[in-house]
Amino acid sequence: MSIPKVLTIAGSAAQGSAGIQADLKTFQEFNVYGMSAITAIVANNQRTEKGIFTQPIPSIEAQVYAALEHVGVDALKTGMLFTKEIITRTSEMIEESGVSNIVVDPVMIGKMGSQLLQDEAIDSLTKELLPLATIATPNLHEAARMLNSPVPETPEDMKTMARDLYHLGPEYVLIKGGALENHAAVDILYDGSGIVELESERINTIHTSGAGCTFSAAITSELAKGTPVEDAVRRAKSFVTSAIRYALSFERGIGSTYHAAHRVKN
Ligand code: PXL
């Protein structure tokens, strides 16, 4: 049986809600064949001093080539890349690969506050990786950081930023308004000509960890199936909205978006 094949180049989130773990769970729900290249391992905990372990470049190269050359990739996404060196090498491999569906999720800070991109890596992200993107999917803070401007506060501000980000080179920009205050969850999609405003109700939960990863993994899955970008984003938004609506809450206070929510309501 043939199945669309997707690769995530991102960090491992040991707690299971975000990063590679969220991506693979989402890929499975979309019935695409998921592969991964782990750039760093994030395992924040109270017992060990260190919680982030980056992979050496040769390890990342080997993983990406294992997926590209032995299986083949219809669409890929990037998530946490952490260092300038990882961004540069990842961008080179993406460019060489000829893969035409590229989702860049410019992950910078996790919901639990961990720094997932070093400060000195922002320039490489905007100059080397962003121009390769079919679609870039920043949240409000990431969009502001990439443009060195204040965090947008309204959908109108988001539209201006989407136009500015488009000039950095991606084919589509999706700015996610999950963090807007006093507004519905409005996302803005821009392709250089028309603005599309996608709105869903704001769901009252603290357990949105993994929402961004899940959204971009869902878009990647749809692009691998050949779905046009705007439809891919609409389907992905509906998927992530259920994953947030039925978020899981664990006994010790942490939680996660629920990737199977669209079929198993809790
Ligand atoms: O949600 C952002 C994110 C992405 N990637 C990894 C993470 C997190 C948040 O914790 O750990 C690896």
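Start by selecting Thr8: directly opposite, in strand β4, stands Lys77. Before you go further, keep in mind that this is a predicted model.

**Stop 1: around that pair**

Now widen the selection to β1 and to β4, which covers residues 75-78. The two strands run parallel, and four bridges join them. Next, bring up helix α3, residues 84-97, which packs on the sheet. Colour β1, β2, β3, β4 and β5 (102-104) as well, since α3 touches each of these strands. If you draw the directions of α3 and β4, the angle comes out at about 170 degrees.

Then select helix α7, residues 211-224, another helix packed on the sheet. Its contacts are with β1, β4, β5, β6 (135-136), β7 (172-176) and β8 (185-190). Against β4, the direction of α7 makes about 165 degrees.

**Stop 2: the whole sheet**

Show every strand together. You should see an open sheet of nine strands, in the order β3-β2-β1-β4-β5-β6-β7-β8-β9. The pairing is mixed. Which strands form the edges? Look at β3 (52-54) and β9 (195-200), each of which pairs on one side only.

**Stop 3: the ligand**

Centre on the ligand and display its neighbours: Gly11, Ser12, Ala13, Ala18, Gly19, Val42, Met80, Val107, Gly110, Leu116 and Cys213. On its own, the ligand has 310 Å² of accessible area, and the protein covers 91% of that. Which strand gives the most to this shell? That is β1 (residues 5-13), with three residues. Colour the shell by class and you will find seven nonpolar residues and four polar ones, but no charged residues.

**Stop 4: two asparagines with positive phi**

Finish in the loops. Most residues other than glycine have a negative phi, so a positive value makes a good place to pause.

Select Asn31 first, in the loop between α1 (19-29) and β2 (33-42). Its phi is near 55 degrees, a positive value. Is Asn31 buried, partly exposed or exposed? With a relative accessible area of 47%, Asn31 is partly exposed.

Then jump to Asn148, in the loop that lies between α5 (140-147) and α6 (155-166). Here, too, phi is positive, near 55 degrees. Asn148 counts as exposed because its relative accessible area is 74%, and the cut-off for exposed is over 50%.

Conventions
Residues are numbered from 1 along each chain as its sequence is written. This is a predicted model: local features need pLDDT of at least 70, side-chain atom pairs count only at pLDDT 80 or more; totals for chains, interfaces and linings use all residues. Side-chain values use heavy atoms; hydrogens and water are left out. A residue is near a molecule or strand if one of its heavy atoms lies within 4 Å of it. Accessible areas come from the Shrake-Rupley method with a 1.4 Å probe; for residues, only the protein chains shown count as cover. Ala, Val, Leu, Ile, Met, Phe, Trp, Tyr, Cys and Pro count as nonpolar, Asp, Glu, Lys and Arg as charged, and the others, Gly among them, as polar. Buried means under 20% relative accessible area, exposed over 50%, partly exposed in between (1.4 Å probe, protein chains only). Two strands pair if DSSP finds at least two bridges between them. Contact means heavy atoms within 4.5 Å. Axes are lines fitted to C-alpha atoms, for helices over the stretch in contact, and angles run from 0 to 180 degrees between N-to-C directions.
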